[in-house]
Amino acid sequence: MRIAIVYDSRTGTTKAAAEEMAKMAADAGHEATVTSVQEASPGEVSSADAVCVGSWTEGLFFILQHATKATMAFIDSLTLDGTPAAVFCTYKTSPGKMLDKMAAALEARGARVTGRFRSRGPHAPEGFGDWLRTLAGA
Ligand SMILES: Cc1cc2nc3c(=O)[nH]c(=O)nc-3n(C[C@H](O)[C@H](O)[C@H](O)COP(=O)(O)O)c2cc1C
């Protein structure tokens, strides 16, 4: 499957996590692309077989956490039709409800969100490997 992984990263943590995720997807036999939200093409991402969108956590560390504006604007630029999707974030203290909000926004664009993942550092989040295994046709 063609899996588009898109991320927003300020200091490189989320980028590194996304790159490790892309490697895991490639190792599982998928064709994975990994692109920042600043550079990704909404059309190309919309035509992928599965989509994964990640952001660093922005907020007041314990409250008011949210995905970045660029992440949410990118999600809003997608046109999906039942595409399996996952959301992820990197964080330091707590991501609050941001993953649910990202998932709801992706679903509003037509995605079927089947994974929500968090990582405290520059690594693929726990559970991502299991999510990959839910995708048919590697
Ligand atoms: C302005 C700012 C606000 C942040 N707010 C939160 C927060 O509310 N909760 C949290 O867990 N981490 C918060 N963080 C930590 C980052 O989300 C975390 O370090 C992330 O992994 C950075 O990813 P990046 O290196 O891809 O930019 C904040 C960081 C910054 C710079």
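Student: How is the burial of strand β3 to be read, and how many of its seven residues are buried?

Tutor: Burial is judged residue by residue, with under 20% relative accessible area as the cut-off. In this predicted model, six of the seven residues of strand β3, which spans residues 50-56, are buried, so the strand is largely enclosed by the rest of the structure.

Student: Which strands pair with β3, and in which sense?

Tutor: Pairing is read from the bridges between two strands, at least two being required. Strand β1 (residues 2-8) pairs with β3 in the parallel sense over six bridges, and within that pairing V6 stands opposite V53 of β3. Strand β4 (residues 84-90) likewise pairs with β3 in the parallel sense over six bridges, where G54 has F88 of β4 as its bridge partner. Between these two strands the chain passes from β3 through helix α3 (residues 69-76) to β4, in a β-α-β crossover that is right-handed.

Student: What follows β4 in the sheet pairing, and what is the handedness of the unit that β4, α4 and β5 make?

Tutor: β4 is joined to strand β5 (residues 112-119) by seven bridges, and the two run parallel, with A86 opposite G115 in β5. The unit made by β4, α4 and β5 is a right-handed β-α-β unit.

Student: Which residues of the largest nonpolar core touch the most other members, and which element gives the most to it?

Tutor: A nonpolar core is read as a network of buried nonpolar residues joined through side-chain atoms. The largest one here has 24 residues, of which V45, V51, F74, M102 and L106 touch the most other members. At least two residues of this core come from each of β1, β3, α3, β4 and α4 (98-108), and α4 gives the most, with six residues.

Student: Turning to the ligand, which residues come nearest, and which polar atoms lie close to its oxygen atoms?

Tutor: One begins with the surrounding residues and then examines individual pairs of N or O atoms, for which the cut-off is 3.5 Å. There are 18 residues around the ligand, and S9, T11, T13, T14 and T57 come nearest. An N or O atom in the side chain of S9 is 2.6 Å from an oxygen atom of the ligand, and a polar side-chain atom of T13 also lies 2.6 Å from a ligand oxygen atom. For S94, a backbone N or O atom lies 2.9 Å from an oxygen atom of the ligand. Taken alone the ligand exposes 650 Å², of which the protein buries 86%.

Student: Are H30 and T68, which sit in loops, buried or exposed?

Tutor: H30 is in the loop between α1 (13-27) and β2 (31-36), and its relative accessible area is 7%, so H30 is buried. The side chain of H30 reaches the backbone nitrogen of M1 at 3.4 Å. T68, in the loop between β3 and α3, counts as buried at 5% relative accessibility. The C-alpha atoms of T68 and T13, which are 55 residues apart along the chain, are separated by 14 Å.

Student: What is the phi of F61 and of L64, and why does its sign deserve attention?

Tutor: Most residues other than glycine have a negative phi, so a positive value deserves attention. Phi is near 70° in F61, which is positive in a residue other than glycine, and phi of L64, likewise not a glycine, is positive at near 55°. F61 lies in the loop between β3 and α3, as does L64. F61 counts as exposed at 52% relative accessibility, and L64 counts as exposed at 60%.

How values were computed. Residues numbered from 1 in each chain as written. Predicted model: local features only at pLDDT ≥ 70, side-chain atom pairs only at ≥ 80, totals over all residues. Heavy atoms only, no water. Buried < 20%, exposed > 50% of the residue type's maximum accessible area, 1.4 Å probe, protein only. Helix = DSSP H or I, 4+ residues; strand = E, 2+ residues; numbered from the N terminus. Right-handed = clockwise from strand over helix to strand, strands pointing away. Near = heavy atom within 4 Å. Polar contact = N/O pair within 3.5 Å; in protein donor to acceptor, adjacent residues only side chain to side chain. Areas by Shrake-Rupley, 256 points an atom, 1.4 Å probe, with all protein chains shown as cover. Core = buried A, V, L, I, M, F, W, Y, C linked by side-chain atoms within 4.5 Å.
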